[in-house]
Amino acid sequence: MLEVVAALIIKDNKLMICQRPAFKARPLLWEFPGGKVEENETREQALKRECKEELDIEIEVSELYAEVFHKYPDTSINLSFFKAHIKQGVPKLIEHNALKWITTDQLDELDFCPADRPITERLRQQSTL
């Protein structure tokens with residue numbers, strides 16, 4: 001099972017979402033930025049590293065928002081979602097196909113990775129971020 005982390009990056013009451021590249025698993029689906037936890041790395045360290053590598057931003061990680069276990073046909077993941085904000089930098093498309101800032105009302109307009117869907121539903125039901 002893979003240990004994976006994702007950031008709920010909030011700015012001006014909007015969430016950052018990223019579209020997966022066409023050449024990777026689950027092509028062109030939307031997701032929250034993040035990635036795999038490497039050996040000898042905490043989840044928070046992994047999230048900071050992934051955001052730097054894939055978006056060229058430094059983030060501040062705050063509380064754990066939720067954890068989701070999901071079994072894909074090709075792998076199983078334990079996905080931890082953390083609230084976060086950008087400390088430094090402007091997001092760049094290094095790894096992803098596209099990036100958007102959206103409100104929680106817009107979450108159902110986009111096709112998210114299956115592992116992210118329980119979180120998009122929970123976020124839609126909240127009144128504030």
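## A look at His96

Is His96 buried or exposed? His96 has a relative accessibility of 6%, so it counts as buried, the cut-off for that being under 20%. Keep in mind that this is a predicted model. Along the chain, His96 sits in the loop that runs between strand S6 (76–88) and strand S7 (98–102).

What does His96 touch, once its neighbours within four places in sequence are set aside? The list is Cys18, Gln19, Pro21, Glu31, Glu54 and Leu55. With one of these, Glu31, the link is a polar one: the side chains of His96 and Glu31 make a polar contact of 3.3 Å.

## Helix H1 and what covers it

Two of the residues that His96 contacts, Glu54 and Leu55, are also on the list of buried residues in helix H1. That helix covers residues 43–55. Its 13 residues should span 18 Å at 1.5 Å a residue, and because the C-alpha atoms at its ends are 18 Å apart, the expected and actual spans agree.

Which residues of H1 are buried? They are Ala46, Leu47, Arg49, Glu50, Cys51, Glu54 and Leu55. Here's a handy bit of background: an α-helix has 3.6 residues a turn, so residues three or four places apart point the same way. As for what lies over the buried residues of H1, the cover includes strand S1 (2–11), strand S2 (14–19), strand S4 (34–36) and strand S5 (58–71), along with S6 and S7. Just past the end of H1 comes Asp56, with a positive phi of about 60°.

## The largest pocket

Now for the open spaces. The largest pocket holds about 510 Å³ of space. Elements that each give two or more residues to its lining are S1, S4, H1 and S6, and S1 gives the most, with four residues.

In total, 27 residues line this pocket, and those nearest its centre are Val4, Arg20, Glu31, Gly35 and Lys36. Glu31 is a name you've met already, as the polar partner of His96. Sorted by class, the pocket lining comes to 13 nonpolar, four polar and 10 charged residues.

## A cavity inside

How many cavities of 30 Å³ or more does a search of the whole structure find? The search turns up one. The largest cavity has a volume of about 30 Å³.

Lining that cavity are Leu8, Ile10, Leu15, Tyr65, Lys83, Leu123, Gln126 and Leu129. By class, six of the lining residues are nonpolar, one is polar and one is charged.

## Helix H2 and the segment after it

Helix H2 takes in residues 117–125, and two of its residues make a nice contrast. Thr120, in H2, is buried because its relative accessibility is 4%, under the 20% cut-off. Leaving out residues up to four places away in sequence, Thr120 touches Phe32, Leu107 and Phe112. Gln125, also in H2, has a relative accessibility of 61%, over the 50% cut-off, so it counts as exposed. Between the C-alpha atoms of Gln125 and His85, which are 40 residues apart along the chain, there are 21 Å.

Beyond H2, in the segment that follows, you'll find Thr128. Is Thr128 buried or exposed? Thr128 is exposed, because its relative accessible area is 55%. Thr128 and Thr104 are separated by 24 residues in sequence, while their C-alpha atoms are 8.6 Å apart in space.

Notes. Residues are numbered from 1 along each chain as its sequence is written. This is a predicted model: local features need pLDDT of at least 70, side-chain atom pairs count only at pLDDT 80 or more; totals for chains, interfaces and linings use all residues. Side-chain values use heavy atoms; hydrogens and water are left out. Buried means under 20% relative accessible area, exposed over 50%, partly exposed in between (1.4 Å probe, protein chains only). A polar contact is a pair of N or O atoms within 3.5 Å; within protein, one must be able to donate a hydrogen and the other to accept it, and residues adjacent in sequence count only if both atoms are side-chain atoms. Contact means heavy atoms within 4.5 Å. The expected span of a helix is 1.5 Å times one less than its number of residues. On a 1 Å grid over the protein atoms alone, a cavity is a set of points where a 1.4 Å probe fits but cannot get out, and a pocket is an open set with protein on both sides within 12 Å along at least five of seven lines; lining residues have an atom within 4 Å of a point. Grid points are joined across faces, edges and corners, and a volume is the space filled by probe spheres set on the points. Ala, Val, Leu, Ile, Met, Phe, Trp, Tyr, Cys and Pro count as nonpolar, Asp, Glu, Lys and Arg as charged, and the others, Gly among them, as polar.
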